Amino acid sequence: MEGGEEAKMSQLSGVQFLLSSEGKEVPLSSIEGKTTCLLFSAHWCRPCRNFTPNLVQIYKSLRNAGKNIEIIFISLDPDEITFSDHFKGMPWLALPFNTGLSQTLCTHFGIEHIPALIPLSATSSDGLGFEEDAVKLVEEYGEDAYPFSAKRRRELEAMDDARRKGGKLQELLGCKDRDYVISADDIKIPIADLTGKTVGLYFGAHWCPPCRVFTKQLKEVYNELKILRPGSFEVIFISIDRSKEEFQASLSAMPWLAIPYSATARQELTRIFTIKGIPALLILGLDGKVLKTNGRTAISTYGATAFPFTESRISEVDEELRKEGDKLPRQVNDPRHIHELELDMAKAYVCDECQQKGRYWVFSCKQCNFDLHPCCIGQSSIDRI
């Protein structure tokens with residue numbers, strides 16, 4: 001036995017055997033030569049119960065692909081009944097409940113929370129080497145995380161970085177088996193058709209009320225740009241929905257395209273662009289690279305006027321609005337309203353004179369809900385200032 005394997009066994013001294021999921025005794029030597037991970041988990045822990053099914057799927061997939069992997073379940077359950085109940089859904093091995101080693105191993109590996117997945121490494125002959133907790137790595141990358149090492153994380157993060165900065169839409173939005181996105185009526189649109197367009201990546205979900213509000217705002221801008229700048233702007237919906245039915249409900253209210261619900265690219269894009277909350281809109285420029293990470297604010301504040309949503313264009317719009325505001329009075333008295341109206345800025349409003357939607361400058365009453373477009377303020381009202 002090599003030094004690393006001796007080290008691996010040394011931390012399990014006193015263990016005569018491991019248990020299989022069928023309840024059979026398995027020699028400790030069965031883990032020799034395998035990529036071995038210790039899974040610290042408990043049935044009472046909800047995150048553990050949520051993590052286990054995903055790990056089971058990954059484990060089976062890796063084993064079917066010929067990967068020499070083994071996992072040893074280290075139970076932190078209070079009694080053998082709950083240990084058995086938790087273990088029965090696991091296809092890997094387990095440390096027998098009555099060894100009394102669970103807390104010793106927790107201390108050795110610095111386990112502060114569960115679930116924890118600790119990959120063992122044969123780094124020396126005088127002690128057991130191990131990698132950092134791989135739970136987050138597995139949650140983010142699935143079976144691609146194998147062999148769950150820090151080196152593998154660096155490799156995967158470098159690949160993410162290359163996709164994020166590469167400007168290649170097929171690599172970003174597609175995969176080897178899919179070179180298309182879909183429309184609401186399930187028509188396949190080649191990703192190549194997006195080349196040369198400003199593209200918005202819209203992360204949202206039907207269950208999220210702010211997403212439903214933003215979808216309406218984005219839809220107005222999208223439809224306006226289809227008329228003003230046909231073929232120049234496209235939106236791709238990246239669903240954070242919890243089911244395909246929710247995904248279909250989201251897409252039914254959208255005139256743009258989407259990543260198919262079954263595609264892993266949805267989770268990959270969420271990870272690659274570090275999406276922490278929804279709704280979120282990223283703007284990709286004509287070269288396929290990120291122009292703006294906070295497209296939601298650009299859309300909500302400026303609408304289609306800010307297209308193509310570059311920093312320089314937004315600065316131009318700000319300057320244009322400033323000059324426009326400088327030409328307007330600060331307050332007016334209008335015969336259509338009893339209170340003085342003050343100049344203000346609003347993302348959206350409805351003019352009480354013409355009943356048309358307005359944006360940006362507005363003459364508004366601070367005491368009640370009354371708004372007028374600047375163009376609906378008569379010269380006689382301005383003369384009364």
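**Pockets, paired strands and a loop residue**

The largest pocket is lined by 37 residues, and those nearest its centre are Glu139, Glu140, Tyr141, Gln267 and Arg271. Four elements each give two or more residues to this lining: α2 (46-64), α5 (135-141), α6 (150-166) and α10 (265-272). Of the elements, α6 gives the most, with eight residues. The volume of the largest pocket is about 1300 Å³. Sorted by class, its lining has 15 charged, twelve nonpolar and ten polar residues.

The structure described here is a predicted model, and the reader should therefore consider the predictor's confidence in each residue, which is given as pLDDT on a scale from 0 to 100. The protein chain has an average pLDDT of 88, and 92% of the residues score at least 70. Over residues 1-9, however, pLDDT stays under 50, and the model has 23 contacts beyond four places in sequence for this stretch. Residues 123-128 also have a pLDDT below 50, and they make 14 contacts in the model beyond near neighbours in sequence.

How is empty space of this kind found? Rolling a probe the size of a water molecule over the atoms shows where empty space is left. The second largest pocket holds about 330 Å³ of space. Its lining is made up of 19 residues, with Glu220, Lys347, Ala348, Gly358 and Arg359 lying nearest the centre. Two or more lining residues come from each of α8 (209-228), α11 (295-302), β16 (341-350) and β17 (357-364). Here α8 gives the most, with five residues. The classes in this lining are eight nonpolar, six charged and five polar residues.

Two of the elements that line the second largest pocket are the strands β16 and β17, and these strands lead to the next part of the structure. The strands β16 and β17 run antiparallel and are joined by seven bridges. Across this pairing, Leu343 stands opposite Phe363 in β17. The hairpin of β16 and β17 has six residues between the strands, and in this hairpin Gln355 takes a positive phi near 65°.

On leaving β17, the chain passes through a hairpin of six residues that joins β17 to β18. Strand β18 comprises residues 371-372, and it pairs with β17 in the antiparallel sense over two bridges. One pair of bridge partners is Ser364 and Asp371, the latter in β18. Is β17 itself enclosed or open? Six of its eight residues are buried, so β17 is largely enclosed by the rest of the structure. In this reckoning a residue is buried if its relative accessible area is under 20%.

A single residue, Pro91, completes the tour. Where does Pro91 lie? Pro91 is placed in the loop between α3 (80-87) and β5 (93-94). Its relative accessibility is 27%, so Pro91 counts as partly exposed. When neighbours within four places in sequence are left aside, Pro91 is in contact with Ser21, Val56, Tyr59 and Lys60. Pro91 and Ile31 are 60 residues apart along the chain, and their C-alpha atoms are separated by 15 Å.

Definitions and conventions: Residues numbered from 1 in each chain as written. Predicted model: local features only at pLDDT ≥ 70, side-chain atom pairs only at ≥ 80, totals over all residues. Heavy atoms only, no water. 1 Å grid on protein atoms, 1.4 Å probe; cavity = no way out; pocket = protein on both sides within 12 Å on 5 of 7 lines; lining within 4 Å. Points joined across faces, edges and corners; volume = space filled by probe spheres on them. Nonpolar A, V, L, I, M, F, W, Y, C, P; charged D, E, K, R; others polar. Buried < 20%, exposed > 50% of the residue type's maximum accessible area, 1.4 Å probe, protein only. Pairing = 2+ DSSP bridges. Contact = heavy atoms within 4.5 Å.
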